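This report covers one chain, its surface and charges, its fold, and one residue in its setting. The sequence and structure come before the details.

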Amino acid sequence: NWFRQVLTSSDYFGAFFRSLGFSVLILSIEIPLGIYIALRLPQKGFLSNIFIVLISLPLLMPSIVVGHIWKFLTLPRIGLLSSGVDFLGGTYDMNNPIIVWITLALMDSWHWTSLVILLCFAGLKNIPEAFYKAALVDGARGWLVFKYVQLPKLKLVLLIAILLRFMDSLIIYTEAYILTRGGPGVSTTFLSHELVQTATIQFDLGEGGAMSVIYSLVVLCVSWVFFSLIVRKDNE
């Protein structure tokens with residue numbers, strides 16, 4: 001009965017599709033951006049090490065700290081983002097669902113794009129110099145080098161990056177809860193928020209337990225699909 005109740009709940013499916021939509025949005029931003037920045041970084045030398053250290057700093061911050069930082073940035077009149085938009089003549093209204101989603105995307109991209117950059121940077125450094133020389137002999141430049149030399153060698157790394165970021169974005173809770181509390185309305189009430197609301201606030205442990213099992217199965221199935229692709233690509 002509890003599983004049936006969850007699977008026929010519009011609130012559950014609404015939260016699920018919001019979580020899925022957020023994951024797709026995040027991947028569409030962070031993967032291309034991470035590849036681009038990794039390609040622009042110097043591959044060798046002291047400057048390369050400095051850039052890697054600076055890029056890694058957001059990854060060292062706990063999720064609760066990131067949430068409070070961006071919460072402060074969006075405070076009316078005193079937050080850097082809100083005051084900057086106000087200075088330009090706009091209105092940074094956190095009661096607007098579109099503004100809230102843009103803010104969440106910016107926050108997550110700032111926090112986690114570094115992971116994609118580091119993975120892609122490591123993948124690029126493992127490409128033998130002979131591949132670039134062969135491409136140069138064949139007359140390949142710029143985009144052609146990326147398409148035929150770098151991108152094929154990055155496929156395994158990108159699958160790992162997509163897996164890690166998809167799973168992490170699908171279970172986002174702390175940062176989004178601190179920043180929006182699931183609002184305005186239910187526009188940012190993700191699956192993790194719906195689960196906490198059901199199990200700990202409403203104290204409906206039966207439905208919360210069923211929701212947790214379904215949530216876990218979704219994560220496991222998606223992880224299995226990506227893992228299978230990674231193993232197949234590695235064997236190739």
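## Surface and charge

The accessible surface of the chain is about 13,300 Å², and carbon and sulfur atoms hold 69% of that area. Areas follow the Shrake-Rupley method with a 1.4 Å probe, and for residues only the protein chains shown count as cover.

Side chains with positive charge number 16 and those with negative charge 14; the centres of the two sets are 11 Å apart. Lys and Arg are taken as positive, Asp and Glu as negative, with His and the chain ends not counted. Each charge is placed at NZ of Lys, CZ of Arg, CG of Asp or CD of Glu.

## Basis of the model

The model is predicted: local features need pLDDT of at least 70, side-chain atom pairs count only at pLDDT 80 or more, and totals for chains, interfaces and linings use all residues. Residues are numbered from 1 along each chain as its sequence is written, and side-chain values use heavy atoms, leaving out hydrogens and water.

## Fold

The chain has eleven helices and zero strands (DSSP runs numbered from the N terminus: helices are H or I of at least four residues, strands E of at least two). The C-alpha trace spans about 65 × 50 × 25 Å along its principal axes.

Of the 236 residues, 40% are buried (under 20% relative accessible area; exposed is over 50%, partly exposed in between, with a 1.4 Å probe and protein chains only). Taking contacts (heavy atoms within 4.5 Å) between residues at least 6 apart in sequence, 73% join residues at least 24 apart.

## Ser109

Ser109 sits in helix H6, which covers residues 97–125. Ser109 counts as buried because its relative accessible area is 11%. Beyond its neighbours within four places in sequence, Ser109 contacts Ile26, Ile29 and Glu30.
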